[in-house]
Amino acid sequence: TYFHIILIATTYINIQTAAKKEIKDIVLLCFFIIASLLIGTKAIWLFLACLFSYHVLFTNTSKIVKGIYATILIGFIVFFRKIIGLLVEFLPYGKRLYSEDGLISVITSKRDVLLENTFNHIEENWTFLNYIFGGIDYFKYKIEMEFFDIFILFGLIGLCIYVNFIKIAFWEKQTTLFKSIIILI
C-alpha cells in the first residue's frame, strides 16, 4: 500500500512541479492510481481522497471542478450514515466491527482497540526508564501505527531520533507541495 502511495505521490509532485505537463506523466499517474485501487485497501482510498482534496483546494483548478467537489462533499456529509453503512457492508467483518466498536475501529482495522490495550498495559507496568528507552513485547502489544510503535519500542529517545531523521531526510529544503504530500502519506 505504501509503495503505491509513494509512487502516486512522487508522480503527482513531478507533474505539479514540471514547467510543462507531459501526457506520459499524467498517463503514468492514472496507471498508478488504477493499480493502487486494485489493491483495495482503505489506506489507498483515504490517501486518494486526501490527495484529490488537496489538489482541488490548493492548485489552480477551475471553478467548475471546485463546485463539483463542494457538491460531492456536501452530499457525503448529508448522506454520511447511509454511505458509511454501504461501505461497511463491503469490508470483511465491517458490519460486525461497526456495530461492536464503531466507525473508528472499521477505519483503523481495530488498531484503536490495540492502541487502548497497549496504553492500558503501559500505564500499569511501565517505569520511568521505559518511557525514556521503550521496551515492550512487540508481538503481544503491537499497534501497527508507526508513530506509536516507535515510541513503545524505543521510547522518547528513539522517537526523537526518528523524528529528527525524518526532518533531515524529508523536510528540510523541500517545497510546500512536497511537505504537504509527506503529511498526507
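Modeller: Before you start: accessible areas here come from the Shrake-Rupley method with a 1.4 Å probe. Bear in mind, too, that this is a predicted model.

Colleague: Got it. What does the accessible surface of the protein chain come to, and what share belongs to carbon and sulfur atoms?

Modeller: The accessible surface adds up to about 12,900 Å². As for carbon and sulfur atoms, their share of that surface is 70%.

Colleague: And what percentage of the residues count as buried?

Modeller: The cut-off to use is under 20% relative accessible area. The protein chain has 185 residues, and the part that counts as buried is 28%.

Colleague: How many helices and how many strands are there in the protein chain?

Modeller: Reading from the N terminus on, every element in the run is α. The C-alpha trace spans about 55 × 45 × 25 Å along its principal axes. The tally for the protein chain is 12 helices and zero strands.

Colleague: What share of the contacts with a separation of 6 or more is between residues 24 or more positions apart?

Modeller: A contact here takes heavy atoms within 4.5 Å. Take the contacts in the protein chain with a separation of 6 or more; residues 24 or more positions apart account for 45%.

Colleague: Charges next. How far apart do the centres of the positive and negative side chains lie?

Modeller: His isn't counted in either set. That leaves 17 positive and 14 negative side chains, and the distance between the two centres is 12 Å.

Colleague: Let's zoom in on helix 3. Which helices do its buried residues pack against?

Modeller: Helix 3 takes in residues 42-58 and reaches 24 Å from its first C-alpha to its last, close to the 24 Å expected. Its buried residues include Ile-44, Phe-47, Leu-48 and Leu-51, and also Tyr-54 and Val-56. The buried residues of this helix pack against helix 1, helix 2, helix 4 and helix 12.

Colleague: Just past it there's Thr-61. Which backbone oxygen does its side chain reach?

Modeller: Thr-61 sits in the loop between helix 3 and helix 4, and at 19% relative accessibility it counts as buried. Leaving out residues up to four places away in sequence, Thr-61 touches His-55, Val-56 and Lys-66. At 3.1 Å, its side chain reaches the backbone oxygen of Val-56.

Colleague: Does Ile-26 count as buried or partly exposed?

Modeller: Ile-26 lies in helix 2 and touches Ile-15 and Lys-21, not counting residues up to four places away in sequence. Buried would need a value under 20% and exposed a value over 50%. The relative accessible area of Ile-26 is 33%, so this residue is partly exposed.

Colleague: Where does Ser-109 lie?

Modeller: Ser-109 is one with a positive phi, near 55°, in a residue other than glycine. With 37% relative accessibility, Ser-109 counts as partly exposed. Its place is the loop between helix 7 and helix 8.

Colleague: What is the phi of Glu-144?

Modeller: Glu-144 is found in the loop between helix 10 and helix 11, and it counts as partly exposed at 37% relative accessibility. Although Glu-144 is not a glycine, its phi is positive, about 65°.

Colleague: What about Thr-108: which backbone oxygen does its side chain reach?

Modeller: Thr-108 belongs to helix 7. Its relative accessible area is 16%, so Thr-108 is buried. At 2.8 Å, the side chain of Thr-108 reaches the backbone oxygen of Ile-104.

Colleague: Why is His-121 classed as buried?

Modeller: His-121 is in helix 8. To count as buried, a residue has to come in under 20% relative accessible area. His-121 is buried because its relative accessible area is 18%.

Colleague: With which side chain does the side chain of His-121 make a polar contact at 3.1 Å?

Modeller: Set aside the neighbours within four places in sequence, and His-121 is in contact with Trp-126, Ile-136 and Tyr-141. The polar contact at 3.1 Å is with the side chain of Tyr-141.

Colleague: Last one. With which side chain does the side chain of Asn-125 make a polar contact?

Modeller: Asn-125 lies in helix 8 and is partly exposed, with a relative accessible area of 44%. From Asn-125 to Ile-136 is 11 residues in sequence and 9.9 Å in space, C-alpha to C-alpha. At 2.8 Å, the side chain of Asn-125 makes a polar contact with the side chain of His-121.

Technical notes:
Residues are numbered from 1 along each chain as its sequence is written. This is a predicted model: local features need pLDDT of at least 70, side-chain atom pairs count only at pLDDT 80 or more; totals for chains, interfaces and linings use all residues. Side-chain values use heavy atoms; hydrogens and water are left out. Helices (H or I, at least four residues) and strands (E, at least two) are DSSP runs, numbered from the N terminus. Buried means under 20% relative accessible area, exposed over 50%, partly exposed in between (1.4 Å probe, protein chains only). The place of a charge is taken as NZ of Lys, CZ of Arg, CG of Asp or CD of Glu. The expected span of a helix is 1.5 Å times one less than its number of residues. A polar contact is a pair of N or O atoms within 3.5 Å; within protein, one must be able to donate a hydrogen and the other to accept it, and residues adjacent in sequence count only if both atoms are side-chain atoms.
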